[in-house]
Amino acid sequence: MKIGITCYPTYGGSGIVATELGQGLADRGHDIHFISYALPQRLNAARANIQFHEVAVTTYPLFDHAPYALALAAKMAEVAAGHNLDLLHCHYAIPHSVSAYLARAMLLPRRLRTVTTLHGTDITLVGADRSYLPITRFSIEQSDGVTAVSAYLADATHGMIGADREIEVIPNFVDCAAYAPAELPALRSHFAPGGEKLLIHVSNFRPVKRPVEVVRIFEQVAREIPAKLLMVGDGPERGRAEWAAREAGLERKVHFLGKQDSIGQWIGTSDLLLLPSLTESFGLVALEAMACGVPVVASRVGGLPEVVTDGEEGFLVEPGDIPGMARRALEILTRETLAERMAQNGRRKALERFCAARIIPMYEAHYLKVLESA
Ligand code: GMT
């Protein structure tokens with residue numbers, strides 16, 4: 001198949017999933033065309049059957065806001081016609097699927113198919129600003145195929161736009177070879193020279209990720225046992241989280257590392273992942289930790305219970321319950337057999353249910369279904 005993929009190319013789960021999907025599909029012989037305003041962050045392998053098409057947005061004194069959705073639609077139509085694409089796969093309804101709808105209309109009577117994958121913020125964005133509801137509903141209804149990364153998100157979408165639209169749940173996945181139990185001794189000895197336990201948080205530091213709570217949870221853990229915290233990523237709440245660490249006198253124990261590559265190596269070197277988010281449609285980083293054999297303490301919200309089973313690969317705690325999360329973290333960090341069992345459970349579950357090799361064929365089957373439909 002010849003497939004166009006549009007995603008947000010930045011640091012975030014949806015861009016990672018879209019990029020890994022494109023690379024996996026290319027490995028399986030498909031021609032992949034990424035269409036976006038920047039090269040997706042994890043697009044790393046040179047392959048003859050992967051191309052990138054940059055969307056340049058013209059600025060003009062009349063425009064207060066550059067019309068990205070229109071520039072994207074024009075580029076989608078150009079690439080689809082020039083490379084004879086079978087379908088466009090959009091990660092996020094807003095604005096990508098609206099652009100794909102326009103591109104498809106521009107190319108009529110040729111029938112270009114469109115698939116939309118919902119990652120979550122499409123729906124929370126609508127929740128926060130109802131003026132987006134009609135266009136979000138429209139773009140989802142008009143897509144030839146729609147997938148969601150968790151049953152929770154599919155249900156939430158049905159709750160918002162009505163139950164008629166078929167939404168296939170295709171969970172996120174992980175490269176089980178790149179994310180595997182392995183620790184980097186140089187990292188471990190640098191950050192935990194005295195044998196301290198290493199906790200890690202990885203996110204884009206949006207308010208929904210609750211990075212300040214991560215620091216507060218760690219503060220309670222570090223009162224009981226020797227421990228260090230690695231904060232990986234960057235975003236709007238980083239300053240507040242750094243301030244919270246300083247205020248608590250933890251500046252020598254909490255390391256803010258900013259955006260990093262090779263996330264699997266950072267996670268694999270750690271003893272526990274903290275993810276106290278207010279909501280997560282899936283929580284890709286929890287899956288990455290499980291694949292690395294690292295237990296997770298996360299909020300019991302959204303799609304996270306579809307990834308982490310409480311008591312099996314980690315613990316789920318009510319969002320905002322800082323003492324509860326600290327207690328669960330301490331339980332794992334002080335009971336070696338429990339930690340080992342959770343590590344093994346996580347790796348096994350990732351291998352059995354969430355490896356790329358298992359999930360990518362589900363997208364292929366979805367595409368075929370869409371192409372065969374009238
Ligand atoms: O959570 C974010 O801020 C980033 C966002 C994204 O665009 O990557 O994440 C969403 O999509 C991920 C990939 O499907 C999911 O793993 C995250 O749970 C989801 N974030 C939220 O629902 C808050």
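Cys-7 is buried, with a relative accessible area of 1%. I begin with this residue because the cysteines are my main topic, and I should say at once that the model is a predicted one. Cys-7 takes part in no disulfide; the nearest cysteine sulfur belongs to Cys-90 and lies 10 Å away.

Cys-292 presents a similar question. Why is the sulfur of Cys-292 not bonded to the closest cysteine sulfur, in Cys-176? The distance between the two is 9.6 Å, which is too far for a bond; the cut-off applied to a pair of sulfur atoms is 2.5 Å. Cys-292 is also buried, at a relative accessible area of 2%.

Which cysteines, then, do form a disulfide? They are Cys-176 and Cys-355, with sulfur atoms 1.9 Å apart. A search of the whole structure finds one disulfide. As a reminder, such a bond is a covalent one between the sulfur atoms of two cysteines. The torsion about the S-S bond of Cys-176 and Cys-355 is about -110 degrees, and the disulfide is therefore left-handed. The pair joins distant parts of the chain, 179 residues apart. Cys-176 sits in the loop between β7 (168-169) and α7 (185-191), while Cys-355 sits in the loop between α13 (336-353) and α14 (356-372). Both cysteines of the pair, Cys-176 and Cys-355, are buried.

Let me turn now to helix α9, which comprises residues 238-247. Its buried residues are Arg-238, Ala-241, Ala-244 and Ala-245. They cover an arc of only 125 degrees around the axis, so they lie on the same side of α9. What covers these buried residues? The cover includes helix α8 (211-224) together with strands β9 (227-232) and β10 (254-258). On the other side of α9, Arg-240 and Glu-247 are exposed. We thus have one arginine of this helix, Arg-238, that is buried, and another, Arg-240, that is exposed. After α9 comes Gly-249, which has a positive phi, near 70 degrees.

My last topic is the surface. Tyr-60, Leu-62 and Phe-63 form a nonpolar patch there, and together they have about 360 Å² of accessible area. Phe-63 is located in the loop between β3 (50-54) and α2 (68-82). Is Phe-63 to be classed as exposed or partly exposed? Its relative accessibility is 38%, so Phe-63 counts as partly exposed; the class of exposed residues requires over 50%.

Note on methods:
Residues numbered from 1 in each chain as written. Predicted model: local features only at pLDDT ≥ 70, side-chain atom pairs only at ≥ 80, totals over all residues. Heavy atoms only, no water. Buried < 20%, exposed > 50% of the residue type's maximum accessible area, 1.4 Å probe, protein only. Helix = DSSP H or I, 4+ residues; strand = E, 2+ residues; numbered from the N terminus. Arc of directions from axis to C-beta. Contact = heavy atoms within 4.5 Å. Patch = residues over 30% accessible without salt bridge, like charges linked within 9 Å, V, L, I, M, F, W, Y side chains within 5 Å. Areas by Shrake-Rupley, 256 points an atom, 1.4 Å probe, with all protein chains shown as cover. Salt bridge = Lys/Arg side-chain N within 4 Å of Asp/Glu carboxyl O.
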